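Grab your viewer and work through a few short exercises on the structure below. Each one comes with a task and a solution in steps.

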Amino acid sequence: MGWQPSRFLTDRAEAERAFQLAQQLGSVNAAAAELGTTWPSLRKAFTRHGLGMPARNPEAARQRAIAAARQRTGQPATPSLDPAFVALNPGALPARERSPAELYQWVRRDEQYATLGANVVVELYSESHAHKPTTRAWAIIRRADRNHRLAGQRASRPERRHADRADRTSRSHQPQERETVADAR
């Protein structure tokens, strides 16, 4: 059947209606979602009909975000804990009453510490939750440097072991030689 132009591209009245909606909502993306099309399609229609681009409306965008958050609060953001798990693991849960989301995070963090260890969890957290991009980059670079250093240490390990063995054997022979010299006097 082939490509069909959108109704906004062919009909100026539809394009103007979409333009008004985009200005009202403060976003071409939001208007496209509401109209069941894509933002490139609307942008192309606005350009074709000489409408320009709608002005951004930060307040409308903020109101949409608040409304979306209100809708989400009715549904749990994280899976709930199994009551059997809660009954069998009272030590893994906090003392005060917490929301299911907090309980899930608490147990997940406990699992991470048990599985990965404290050093790894702290490193991962510093990489992914850094407030500044430079801090995140520093943590990632530090991890890469550490990996290179450890790889070098692993590569030279057999040589160090051989040197340690030779040193141990020479030390074990030295006291015997001293005893024989002392006995000869």
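**Exercise 1: A nonpolar patch**

Leu124 is a residue of helix H8, which covers residues 118–128. Keep in mind that you're looking at a predicted model.

Task: find which residues make the nonpolar surface patch that includes Leu124.

Solution.
- Start with accessibility: Leu124 has a relative accessible area of 43%, so it is partly exposed.
- A patch member needs over 30% relative accessible area, and Leu124 at 43% fits that.
- Now collect the members: Leu116, Val120 and Leu124 make a nonpolar patch of about 230 Å².

**Exercise 2: An arginine patch**

Task: work out which residues form the positive surface patch around Arg165, and where Arg165 sits.

Solution.
- Place Arg165 first: it belongs to helix H9, residues 133–184.
- Check its cover: with a relative accessible area of 48%, Arg165 is partly exposed.
- Then list the patch: Arg154, Arg157, Arg160, Arg161, Arg165 and Arg168.

**Exercise 3: The aromatic pair**

Task: a search of the whole structure turns up one aromatic pair; classify its geometry and say which parts it ties together.

Solution.
- Take the rings of Phe19 and Phe46: their centres are 5.3 Å apart and their planes stand at 90°.
- Planes over 60 degrees apart count as edge-to-face, so that's the label for Phe19 and Phe46.
- Locate the partners: Phe19 is in helix H2 (residues 12–25) and Phe46 in helix H4 (residues 39–48), so the pair links parts 27 residues apart in sequence.
- Finish with burial, where the cut-off is under 20%: Phe19 is buried at 11%, and Phe46 is buried at 0%.

**Exercise 4: Salt bridges**

Task: the whole structure has four salt bridges; trace the network that contains Glu14.

Solution.
- Begin with Glu14 and Arg7, whose side chains form a salt bridge at 3.1 Å, N to O.
- Add Arg17, which also bridges to Glu14, with the closest N and O atoms 3.1 Å apart.
- Arg17 and Glu14 are three residues apart in helix H2, so about one helical turn separates them.
- Shared partners therefore join Arg7, Glu14 and Arg17 into one network.
- Compare the cover: Glu14 counts as buried at 19%, while Arg7 is partly exposed at 41% and Arg17 is partly exposed at 43%.

Task: how far apart in helix H2 are Glu16 and Arg12?

Solution.
- Glu16 and Arg12 meet in a salt bridge at 2.9 Å, N to O.
- Both lie in helix H2, four residues apart, about one turn.
- Glu16 is partly exposed at 34%, and Arg12 is partly exposed at 39%.

Key
Residues are numbered from 1 along each chain as its sequence is written. This is a predicted model: local features need pLDDT of at least 70, side-chain atom pairs count only at pLDDT 80 or more; totals for chains, interfaces and linings use all residues. Side-chain values use heavy atoms; hydrogens and water are left out. Patches are made of residues with over 30% relative accessible area and no salt bridge: like charges are joined within 9 Å, nonpolar side chains (Val, Leu, Ile, Met, Phe, Trp, Tyr) within 5 Å. Accessible areas come from the Shrake-Rupley method with a 1.4 Å probe; for residues, only the protein chains shown count as cover. Helices (H or I, at least four residues) and strands (E, at least two) are DSSP runs, numbered from the N terminus. Buried means under 20% relative accessible area, exposed over 50%, partly exposed in between (1.4 Å probe, protein chains only). Lys and Arg count as positive and Asp and Glu as negative; His and the chain ends are not counted. The place of a charge is taken as NZ of Lys, CZ of Arg, CG of Asp or CD of Glu. Rings of Phe, Tyr and Trp (its six-membered ring) pair if their centres lie within 6.5 Å; planes under 30 degrees apart count as stacked, over 60 as edge-to-face and the rest as tilted.
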